[in-house]
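Subject: Structure for you to look at

Dear colleague,

I am passing on the structure we talked about, together with some notes on what was found in it. Please open it before reading on, as the notes are easier to follow with the model in view.

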Amino acid sequence: MGFEWFSADAETNTIINASNLAEGSVNLNGYLSIAADNTITIFSPNPEVGQNIKTSFPTIIAEELDADWTKVKVVQAAFDNKRFERQVTGGSGATPASYKKLRKTGATARQMLVEAAAKQWNVPASECSTENGFVLHSSGKKLSYGELASEAAKLPVPQEVKLKDRKDFKLIGKKVRNVENKNIATGKPLFGLDFYREGMLFAMIQRPEAFGMKLKSVDSAAAKAMPGIIDVVSFKNNVAVVGKSTWQIMKARKALKVTYEKDKDLESSADHSRIFTELMAKSEATIRRKDGDADAAFASAAKVIKSEYECPFLPHNPMEPMNFFAHVKEDSVELVGPTQNPGSARNAVSKLLGIPDSKISLELTRMGGGFGRRLMDDYVLEAAELSSILKAPVKVIWSREDDMSGGYYRPAVRYHFEAALDASNNLIGYKLRGAGINSGNSTRENNFPAGAVDNLLIESVEHKSPISTAPWRAPITNFLAFAEQSFLDEVALAAGKDQVQFRLELLNKARTAPVGRVGYDVSRMEGVIKLAAEKANWGGKKDTAQGFSVYFSHASYVAIVAEASVKNNKPQINKIYAATDCGEVVSPMGARQQVIGGIVDGYGHAMFGKLSFKNGAPEQNNYNKYRLIRMREVPEVEAHFVDNGLDPTGLGEPSLPPTAGAVANAIFKATGKRIKNQPFIDEAPFKVKAI
């Protein structure tokens, strides 16, 4: 099961304590406790970054427990790898990885409560049932969970339990409000930036002004003399200003006189353009997949289509900048703050300080955005190292400029595509080369249309850069999907085929005569294609330019239809339809928000997002220079879900990848101009001043 059934000892760093639990609570397992007044406390282990996990996880447990949701209290659990199996928010994998375990958790507790009631009544457990926080007997007798919890906790834990039939769900798939709606609306201190500990120090760090620079000298006299400043500390490549308040350290940091010297190449965006050209021409590449004989197919082709697509670096831009609290003591470490991967953060601190991880506690706060940035441990390590130097509790806070100019970014990538058509306009050859800057494998070689083309070659080349990169929402596929789906539209047009029908033909090929591995479910992809086309009335709107895209990522399938028109000689997107197959939809409201959020994120960044470099330094360091989508620019979004009863698959990211492709394809339909690079506003249809 991956967790302790009963309360673990102090070494597990659990946050189960009197302040979390109602009076007289009894722990039935590592996830839940029940009080005498029937209050059920459910601990939600995974980091909450706005994806609704703090509501959906307890919902799954409460469903199988047959709990009264109005009596459920949800508490964020601290990191505890002995009680919980996967406390990570990343890769859209939390619910898929935990769904069955959470259901079994609730069902096991329910069975123990039933057996406790049966024992008290001296009747067979088979004569008992549960409903809304009570165990019922066929005779009419009933006992609340609160009355049974103490006895239930003494019983052996059943190894096999029966899960509910889907038709009997009362919470899963129903409208359940986010458990923190009121706290968010009333401004309760939920986020890392809100955290305060009496006596803690505040710190801001001056980092190198460009990637490829290192610290040379520091004159901190003026900063140290300013009010409220405790110290100025240099460590590694950083200079930390430490004081009594955020405002004081922000002012003092500006008084630092820091000089740097070159350590590595100082790259500019012009260099990256040259590097991409060189990588595309390079004879050597890593072959990711090879089916058939692509060269022979292209040699015999009746028609060959070639195209290149490119995207820039992007910052993650969570609204809450990086921050973390650390208190390094003689024999332990306390960490508090927003992280998507607390296990990685704790391990990194353990390695840095040489302190066993069993001596390090990590309490999670809610995050004001992450998008992959908070999978990195750098800001946690800064707080821990600084606290160890100062011998005091300290909270490190980044500014917006720090986050955008000294953090981690989505890799810049260029793709070169080639397609070969025979005399009957069938796709007989397909080539893709991905060139990335610190991207790792810039392809997803087993994704569609792989498996549907007889002759296929996918390869990648890489440039190592001083510029730091990290997973950015829907890593790699966030741009690859745009490029692939736009190129497939080019191929469909060259073949004289409807864009939707062209994709369905390829999928039929993958079903009836697959070539090599098919790394996706053909039927599920077909399902979302048909649903999106139906809901958008594909091809049936004479005065509307429609663009289509479909993509498989994080084990889910999303098809998008975007509708565009031209106003004042500029294209605009009026409406977007989305069809999603993510298996069981645990929380319809949360799921809809995730799909729409991914679409807005994908559309906004494709349209406006751009981070350029000059001599190793980002040229955009705040929102006055970095363009984000405005609320008034968000088109209407209509979200639909496939109801198939399969176990849940990913949802936080899958709607983002196909969005830009559908938008670009719709703009092509409306204007006749093909967008091949991001941001779109730099391309021909938008050669006007940004709104």
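The notes below go through the domains, one sheet, and then the enclosed and open spaces.

Please keep in mind throughout that this is a predicted model. The domain assignment of the chain gives three parts, of which domain 1 covers 9-185, domain 2 joins 194-263 with 322-397, and domain 3 joins 285-313 with 409-686. Between the C-alpha centres of domain 1 and domain 3 there is a distance of 40 Å, and the contact involves 21 residues from domain 1 and 19 residues from domain 3.

The sheet I would look at is an open one of 5 strands, arranged in the order E13-E23-E22-E21-E14 with mixed pairing. Its edges are strand E13 (286-291) and strand E14 (303-311), and because each has a single partner strand, one side of each is left without a neighbour in the sheet. On average, and with direction ignored, neighbouring strands of this sheet are turned by 10 degrees against each other. Within the sheet, strand E21 (residues 413-421) pairs with strand E22 (residues 427-437) in the antiparallel sense, over 9 bridges, and Glu 418 is found opposite Lys 431 in E22. Helix H12 (residues 477-495) lies across E14, E21 and E22, and its direction is at about 155 degrees to E14.

As for enclosed space, a search of the whole structure finds 3 cavities of 30 Å³ or more, and the largest cavity holds about 60 Å³. Among the residues that line the largest cavity are Leu 314, Arg 410, Trp 472, Asn 478, His 605 and Gln 678. Helix H15 (588-608) and helix H16 (657-671) are the elements that give two or more residues to this lining, with H15 supplying the largest share, 3 residues. Sorted by class, the lining of the largest cavity consists of 6 nonpolar, 4 polar and 1 charged residues.

Turning to open space, the second largest pocket has a volume of about 640 Å³. It is lined by 24 residues, of which Pro 208, Asn 237, Asn 238, Gly 406 and Tyr 408 are the closest to its centre. Helix H10 (residues 378-390) contributes the largest share of the lining of this second largest pocket, 4 residues, and by class that lining has 10 nonpolar, 7 polar and 7 charged residues.

With best wishes

Methods
Residues numbered from 1 in each chain as written. Predicted model: local features only at pLDDT ≥ 70, side-chain atom pairs only at ≥ 80, totals over all residues. Heavy atoms only, no water. Pairing = 2+ DSSP bridges. Axes fitted to C-alpha atoms, helices over the stretch in contact; angles between N-to-C directions. Contact = heavy atoms within 4.5 Å. 1 Å grid on protein atoms, 1.4 Å probe; cavity = no way out; pocket = protein on both sides within 12 Å on 5 of 7 lines; lining within 4 Å. Points joined across faces, edges and corners; volume = space filled by probe spheres on them. Nonpolar A, V, L, I, M, F, W, Y, C, P; charged D, E, K, R; others polar. Domains from an automatic or database assignment.
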